[in-house]
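Here is a quick walk through one protein chain, written for someone who would rather look at the structure than at a spreadsheet. Keep the viewer open as you read.

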Amino acid sequence: MNNIITKTTRIIAAITLLVLAVGAFNLPVSAQDHQAHQAGPSKDFAIGKKGEVHFNVQVKAGDAALKPGMYQVQHVVEGNDHVIIFKEMSMPAGYKMGATPVGKEVARIKCKVEPVANKASNTKITLRTNAAGEKEIAEVQVAGEAFKHLL
């Protein structure tokens, strides 16, 4: 009888571990899939895609200086202009990607849009050093978009 209880307990424990492991592997996918899926003015373009980025150093975004920290980056179309918007995000204790509160807008920059071969699976930022020796954002590719945004 004890043998049956021990085997049953082991089976339940194994199933529980399997469920937890599957759940843990799905977390990164869930965290990245927080896009605002809105149809754009044409079938091959989406408006309102969002991503998250963390800067370890101060970075210039247009005229704004973004302090080290977490930001939500979003591409929008305003009339005929393509714009990249950065909003502050707080990182409270126990923070999880995708469940982080979004704060105020800190930068709004007009950009040029160029298509790329594949959609970005993660938001990507390309930096350059300007004439003053400061790091500045040169290019943004928002997760889920097949475009790069040149600043």
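What follows covers the overall layout, the nonpolar core, the aromatic rings and the last strands.

**Overall layout**

First, a word on confidence: this is a predicted model. The mean pLDDT of the protein chain is 75, with 64% of its residues at 70 or more. Residues 18-47 are the part to treat with care, since the pLDDT there is below 50. Even so, the model gives that stretch 32 contacts beyond near neighbours in sequence.

The chain has one helix and 11 strands. Reading from the N terminus, the helix comes up front and the strands follow, in the order α-β-β-β-β-β-β-β-β-β-β-β. Of the 151 residues, 30% are buried. About 9,700 Å² is exposed by the protein chain, and carbon and sulfur atoms supply 57% of that. Among contacts with a separation of 6 or more, 46% are between residues 24 or more positions apart.

**The nonpolar core**

Which residues have the most contacts inside the largest nonpolar core? They are Phe 55, Ala 61, Leu 66, Phe 86, Ala 107, Ile 137 and Val 140, in a core of 16 residues. Several strands give two or more residues to this core, including β3 (50-55), β6 (69-78), β7 (81-89) and β10 (135-141). Strand β8 gives the most, with three residues.

Ala 107 is a good place to click. Leaving out residues up to four places away in sequence, Ala 107 touches Ala 61, Ala 64, Leu 66, Ile 84, Ile 85 and Phe 86.

Val 113 is also found in strand β8. Is Val 113 buried or partly exposed? At 23% relative accessibility, Val 113 counts as partly exposed, because the buried class stops under 20%. Val 113 and Leu 150 are 37 residues apart in sequence, yet their C-alpha atoms are 6.3 Å apart in space.

**The aromatic rings**

A search of the whole structure turns up two aromatic pairs. Here they are together:

| Pair | Centre to centre | Angle between planes | Geometry |
|---|---|---|---|
| Phe 55 and Tyr 71 | 5.8 Å | 50 degrees | tilted |
| Phe 55 and Phe 86 | 6.5 Å | 45 degrees | tilted |

Both pairs link distant parts of the chain. Phe 55 in strand β3 and Tyr 71 in strand β6 are 16 residues apart, while Phe 55 and Phe 86, in strand β7, are 31 residues apart. Phe 55, Tyr 71 and Phe 86 form one aromatic cluster.

How buried are these rings' residues? Phe 55 counts as buried at 6% relative accessibility. Tyr 71 is buried too, with a relative accessible area of 6%. Phe 86 is buried with a relative accessible area of 0%.

**The last strands**

Why is β10 called largely enclosed by the rest of the structure? Five of its seven residues are buried, so the label fits.

On one side, β10 pairs with strand β9 (residues 124-129) in the antiparallel sense over six bridges. Thr 129 stands opposite Lys 135 in this pairing. The hairpin of β9 and β10 has five residues between the strands, and Gly 133 takes a positive phi near 80 degrees.

β10 also runs antiparallel to strand β11 (residues 147-150), joined by two bridges. Here Val 140 stands opposite His 149. This hairpin has five residues between its strands as well, and Gly 144 in the turn has a positive phi of about 90 degrees.

Conventions:
Residues numbered from 1 in each chain as written. Predicted model: local features only at pLDDT ≥ 70, side-chain atom pairs only at ≥ 80, totals over all residues. Heavy atoms only, no water. Core = buried A, V, L, I, M, F, W, Y, C linked by side-chain atoms within 4.5 Å. Buried < 20%, exposed > 50% of the residue type's maximum accessible area, 1.4 Å probe, protein only. Helix = DSSP H or I, 4+ residues; strand = E, 2+ residues; numbered from the N terminus. Contact = heavy atoms within 4.5 Å. Areas by Shrake-Rupley, 256 points an atom, 1.4 Å probe, with all protein chains shown as cover. Pairing = 2+ DSSP bridges. pLDDT = per-residue confidence, 0-100. Phe/Tyr/Trp six-rings, centres within 6.5 Å; stacked < 30°, edge-to-face > 60°.
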